[in-house]
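I opened a new notebook page for this one. My plan is to start with the whole chain and end with the aromatic rings.

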Amino acid sequence: LVDAKISSSKAFDWMSQLRYYWAPVGSIVMYETGKPNTEDQCQVSIINATLLYGFEYLGNSDRLVVTPLTDRCYRTLMGAFHL
């Protein structure tokens with residue numbers, strides 16, 4: 001991102017990165033209940049999709065080769081979950 005001279009949080013190159021945010025108690029409204037969160041949450045965001053991180057087992061990610069197609073798959077899957 002530094003090499004691409006990204007200086008805005010609205011730039012597509014930044015928005016298309018998988019980002020993790022810590023949401024303290026009361027800082028977000030839970031989708032299921034419509035009430036503020038009662039415990040700390042971790043959110044995962046990419047493009048316009050934001051989901052709660054569920055501490056899922058991610059498998060053996062050392063074997064995953066990250067390519068532009070891999071990034072595109074992450075964006076597509078996160079968008080599908082967001083719907």
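These are my entries, in the order I looked things up.

**Entry 1: the model.** I noted first that this is a predicted model. I keep that in mind for every value below.

**Entry 2: the fold.** I looked up the secondary structure of the protein chain. I found 2 helices and 3 strands. I then read along the sequence and wrote down the pattern α-β-β-β-α. The radius of gyration came next. For the protein chain it is 15 Å. The globule rule gives 12 Å for 83 residues, so I noted the chain as more spread out than a compact globule. I also looked up the box that the C-alpha atoms fill. Along the principal axes it is roughly 40 × 35 × 20 Å.

**Entry 3: inside and outside.** How much of the protein chain is buried? I got 18% of the 83 residues. The cut-off for buried is under 20% relative accessible area. The protein chain exposes about 6900 Å². Carbon and sulfur atoms supply 58% of that area.

**Entry 4: contacts and charges.** I took the contacts with a separation of 6 or more. Of these, 38% are between residues 24 or more positions apart. For charges, I counted 7 positive and 8 negative in the protein chain. Their mean positions are 8 Å apart.

**Entry 5: aromatic pairs.** I searched for ring pairs and the count came to 2. I began with tyrosine 20 and tyrosine 53. Their ring centres are 5.9 Å apart. Why is this pair edge-to-face? The planes are at 85°, and planes over 60 degrees apart count as edge-to-face. I then checked where the two residues sit. Tyrosine 20 is in strand 1, residues 19–23. Tyrosine 53 is in the loop between strand 3 (49–52) and helix 2 (68–82). They are 33 residues apart, so I noted that the pair links distant parts of the chain.

The other pair is tyrosine 53 with phenylalanine 55. The centres are 4.8 Å apart, with 75° between the planes. This pair is edge-to-face too.

**Entry 6: accessibility of the rings.** Which class does each residue fall into? I looked up relative accessibility for all three residues in the pairs. Tyrosine 20 has 47%, so it counts as partly exposed. Tyrosine 53 has 22% and counts as partly exposed. Phenylalanine 55 has 60%, so it counts as exposed.

**Entry 7: the cluster.** I put the two pairs together. Ring pairs link Tyr20, Tyr53 and Phe55 into a cluster.

Technical notes:
Residues are numbered from 1 along each chain as its sequence is written. This is a predicted model: local features need pLDDT of at least 70, side-chain atom pairs count only at pLDDT 80 or more; totals for chains, interfaces and linings use all residues. Side-chain values use heavy atoms; hydrogens and water are left out. Helices (H or I, at least four residues) and strands (E, at least two) are DSSP runs, numbered from the N terminus. The radius of gyration is taken over C-alpha atoms; the globule rule is 2.2 Å times the number of residues to the power 0.38. Buried means under 20% relative accessible area, exposed over 50%, partly exposed in between (1.4 Å probe, protein chains only). Contact means heavy atoms within 4.5 Å. Accessible areas come from the Shrake-Rupley method with a 1.4 Å probe; for residues, only the protein chains shown count as cover. Lys and Arg count as positive and Asp and Glu as negative; His and the chain ends are not counted. The place of a charge is taken as NZ of Lys, CZ of Arg, CG of Asp or CD of Glu. Rings of Phe, Tyr and Trp (its six-membered ring) pair if their centres lie within 6.5 Å; planes under 30 degrees apart count as stacked, over 60 as edge-to-face and the rest as tilted.
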